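Me: I have a structure open and would like to talk through how some of its helices pack. Could you go through it with me?

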Amino acid sequence: MTQSFKTNRRTLIKGAAAGGVLAAAPLVSRFAQAQSSAPIRIGFQQHVTGIGAAYGRWYGRTTDAAVKKINDEGGINGRMIEIIAEDDGTDPKRGAEVVGKFASQHDCDVAFGTLFSHVVYGSAPAAGELKLPYFVVSEGHHVASGALNRYTMQPGITDVKSQVQAMAPYVAENLGKKVTMIFPDFAFGHDHRDYFTAAIEAQGGEVLEHIAIPPTETSFTKYFPKIPRETEVVYHVMVGPAVLTFVKEMGEFFGPSKPAIFGFIDSLEAVDMTSPGLEFLDGTYFWEGMPRYAQADQTEYDKAFRAAVGVDDNGASVSDPRDVSTYAHMFGCWETLHIIKAGMEASDYAGPQDRAKLIEAIEAMTELAESFEHPQGPKLFNGKTHQVFGVQYISKVENGKLVKVHTTSIEDTQYPDEADYTTMAF
Amino acid sequence: MRVRDRTIGVKFWLLWLCWPGSALAHASDQGIVLLLPTGAYISAGVATVVATVLALFVLPERAVRSLFAWRPINPLRLENVQIVTSLLSFVLMGFLVWLGMTGPRDPLSSLMTLGFWTLGWVLVVSLSGLIGNPWAWINPWTGLYRVLGPAPVARLPNLGWWPAIAMMLGFAAFLLADIAPSDPTRLARAVGIYWLVTFAGLLIFGPEWLRRCELGHAILGAYSRLAVFGRAGVGVPGWQIAGRSWGIGAGLFALVLLGAGSFDGINETFWWLARIGVNPLEFPGRSAVVAQNLIGLAAAVLLLIVSFALTLRLGLMLAPSSRGLAQIFGPLALSLLPIALAYHMAHYLTSFLVEIQYVLGALNDPLARGADLLGLAPFRVTTGFFNQIASMRAIWLSQAGLVVLGHVWSVLLAHRMALDLFDGHRRAGLATLPLSLFMIAYTFLGLWLLAAPRGA
């Protein structure tokens, strides 16, 4: 048994191919170093099975594409990246096991890629104990809240608190100030309720009614009459298998004279916007982490990102137009890998002994310009809270496509620091 | 730990819509399924089974008997070829175990995982019910054993079906309650150890060990009784069960297959998750429901056995017979095998449609090192067919059709078995009436499981 076999499909060390690129680039000396250097081993904690599997598949494709790009461009400090993907089953206990394997069995330099928050919570303590830098791509507020540790960072995707908060100015100004919120009655829905209620009040608006739907509900007609007549905006964050039913029944309830409707694309991530029942969404608004459809002002960065991952202008796989990606989130893997590269290069990372230097180098980062490395948009990293902040998008459904109507500022997404990880010892 | 933060990731839950979720073996495309008129489809399916039950009262006895009649064929004697294929299977298994231990860590890139769950548990088990028992050809022991040719050193005590029943329950527990049943290394270890134990048993006790204490033989042997082709004849599915006597052990094994399969569906439903206090929109992971799934599995199997026995008891009250419960239990339990097989196929159909693509990808690049052996690169798996109402309707109706067909066939087969157990067509109909009602209820359960919202 050799370590070299402990790789997977995502092992994209392309010595010969990279050589071809590099021979023509002013990086020949780096390539010479790569020949004698072991690869940088990145443990990819992937939701291959379990409830996160659909995201896991697209996170995998994005990771493959990012690693190929980085390796084709010469790797990190001249060393190729090798991805070791382990399935965590979207399970916190298994997640901790996987992090342990990255550190002790696979000799990984860092771990990355976790999405579901309960898995982050289950795994982060193991990463802290093993002193393994752990880059999550989760959107959870867990990192910025201070609940984790010095080794856990979220530099490639913004957190839900900042996303929700950033929606309020646009909603209040353009859609209305009297809001009714419909959300599933558990912690996820409660977060939206709390964050958005505070944010809209800060904009001079108010939430007229909070309609909490029991998680096991699969029909919603009895809840719609609770929406007050004077409601100007319905804010919905339903999730689960019944979300198409929810949209269809809401459409039937309102008919043609509906209030403004605002939702989070999470409800419909990877779902075809032309799915049955979704016709009703025409004219409604969504938060998007990154616009699924190529926009009129598409950047060259978005174009290159799509091409690399194999996603068309509608956010679907180039090999099957019905196979819709998790476009609003998966850029997080791409950007996180580029942060790891930048951090390793800034700290002159040579091996596990430099892990603390790597963390400090990333903590020192601030502005991240929109670029091929950061195609989602410009960002600001907060070294104290280990959380990145960045622009958010609001799109309107027009003829079954999401058309961007607003880009928030980064300031809209910021809130006072809740933690300072830099004061924690390594 | 703050619970509210813990759950942010749940917003991603919706992706359940389009991906076979837990392990490698479950599917949920429930968003679109919930929009289909499944209530009407379920009613039609149940009505079909009801109509079959009613038709039995009208059909003449000889029609039912001749339905399950069979014609003899000259059996092919291919033992030598089977030695070669079994040896090849042994080599292949060795390769897969090695791959599982040292190859790709991602289960969907690993031929160990995909070979065991997708090709073995889903595909081979399903096919065995259609084309017959392939185990003599593909088991990884008999070839080597025959080449070595040792004589047994001990005689295996007659344990009946109990080892098979115990192993089936153990296997179901692994499938339903292990924290990572698709992990390539974990699976490779389990397969390697199982091979060693079985081969040791074979060396000590001879081929009787395989007949009694080897789960592949037991499962494939049971389902292949439904195949058109048997060792010496050909007939409609079930002819190999009809006209033979079956003991309680064989019947219990069939019920364990059915009960475990049903619970494999039940444990994902909103209904079950509510019973065990899990928010279906916030499934905490397999590690959080280990005990619940084990208890649920045991309870489901036990409940099935008890309710089945009570059903038979009721039938005996309606149509007293010289035979007691112990005599009719085995044959009539075997008549439930079509239901179990049909549900197995229906349950795994959606995940199979995805995983078979990964099998192709892994064959193209078995070591996951960038090879392109079949020229398929760049290989991209799709789940787009779960996003369209037309394809989802076709998939759902295929699943439902299989379930209904399985139940119709079980009703017919049970009646055929009853003709040998009770005197006369009418008494057989009366005696199996409670069983028929039981099967009608089970039709509803099977179809409801396909239509119900799922969250695990």
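Me: What do the buried residues of H4(A) pack against?
Reply: This is a predicted model, and in it the buried residues of H4(A) pack against strands E1 (40–46), E2 (81–87), E3 (110–112) and E4 (134–135) of chain A, together with helix H5 (117–130) of that chain.

Me: And which residues of H4(A) are the buried ones?
Reply: They are Pro92(A), Lys93(A), Arg94(A), Gly95(A), Ala96(A), Glu97(A), Val98(A) and Val99(A), followed by Lys101(A), Phe102(A) and Ala103(A). Because eleven of the 13 residues of H4(A) are buried, the helix is largely enclosed by the rest of the structure.

Me: How far apart are the end C-alpha atoms of that helix, and what should it span?
Reply: The end C-alpha atoms of H4(A), residues 92–104, are 18 Å apart, and at 1.5 Å a residue its 13 residues should span 18 Å, so the two values agree.

Me: Moving along chain A, at what angle do H6(A) and H7(A) pack?
Reply: Helix H6(A), residues 160–175, and helix H7(A), residues 187–202, pack at an angle of about 40°, and their axes are 8 Å apart. H6(A) is therefore oblique to H7(A), and their crossing is right-handed.

Me: Which residues meet there?
Reply: From H6(A) there are Val160(A), Lys161(A), Val164(A), Gln165(A), Met167(A), Ala168(A), Val171(A) and Ala172(A), and these meet Asp191(A), His192(A), Tyr195(A), Phe196(A), Ala199(A), Ile200(A) and Ala202(A) of H7(A). By class, that contact has eleven nonpolar, two polar and two charged residues.

Me: What about H10(A) and H11(A), how do they cross?
Reply: The axes of H10(A), residues 327–346, and H11(A), residues 355–363, come within 8 Å and cross at roughly 110°, which means that H10(A) is roughly perpendicular to H11(A). The crossing of H10(A) and H11(A) is right-handed. On the H10(A) side the contact is made by Ile339(A), Gly343(A), Met344(A) and Ala346(A), and on the H11(A) side by Leu358(A), Ala361(A) and Ile362(A). Six of these residues are nonpolar and one is polar, with no charged residue in the contact.

Me: Over to chain B. Which residues of H16(B) are buried?
Reply: Ile328(B), Phe329(B), Gly330(B), Pro331(B), Leu332(B), Ala333(B) and Leu334(B) are buried, and since that is seven of the ten residues of the helix, which runs over residues 325–334, H16(B) is largely enclosed by the rest of the structure.

Me: What covers them?
Reply: The cover includes helices H13 (248–266), H15 (290–318), H17, H18 (389–421) and H20 (433–451) of chain B.

Me: Take H18(B) from that list, how does it lie relative to H16(B)?
Reply: The axes of H16(B) and H18(B) come within 8 Å and cross at roughly 155°, so H16(B) is roughly antiparallel to H18(B). The crossing is right-handed. Ile328(B), Pro331(B) and Leu332(B) of H16(B) make the contact with Ala414(B), Met417(B) and Leu421(B) of H18(B), and the residues of this contact divide into six nonpolar, no polar and no charged.

Me: Last one: is Leu337(B) buried or exposed?
Reply: Leu337(B), which is in helix H17 of chain B, residues 337–364, is buried, because 26 other C-beta atoms lie within 10 Å and a residue counts as buried at 20 or more.

Me: And what is Leu337(B) in contact with?
Reply: Leaving aside neighbours within four places in sequence, Leu337(B) is in contact with Ala222(B), Tyr223(B), Arg225(B), Leu226(B) and Ala254(B). The C-alpha atoms of Leu337(B) and Tyr223(B) are separated by 6.9 Å, while the two residues are 114 residues apart along the chain.

How values were computed. Residues are numbered from 1 along each chain as its sequence is written. Chains are lettered from A and ligands numbered from 1 in the order in which they are written. This is a predicted model: local features need pLDDT of at least 70, side-chain atom pairs count only at pLDDT 80 or more; totals for chains, interfaces and linings use all residues. Helices (H or I, at least four residues) and strands (E, at least two) are DSSP runs, numbered from the N terminus. The expected span of a helix is 1.5 Å times one less than its number of residues. A residue is buried if 20 or more other C-beta atoms lie within 10 Å of its own, exposed if 12 or fewer, and partly exposed in between; C-beta atoms are placed from the backbone. Two residues are in contact if their C-beta atoms, placed from the backbone, lie within 7 Å. Axes are lines fitted to C-alpha atoms, for helices over the stretch in contact, and angles run from 0 to 180 degrees between N-to-C directions. Angles under 35 degrees count as roughly parallel, over 145 as roughly antiparallel, 65 to 115 as roughly perpendicular and the rest as oblique. A crossing is left-handed if the near helix is turned anticlockwise from the far one by less than a right angle, and right-handed if clockwise. Ala, Val, Leu, Ile, Met, Phe, Trp, Tyr, Cys and Pro count as nonpolar, Asp, Glu, Lys and Arg as charged, and the others, Gly among them, as polar.
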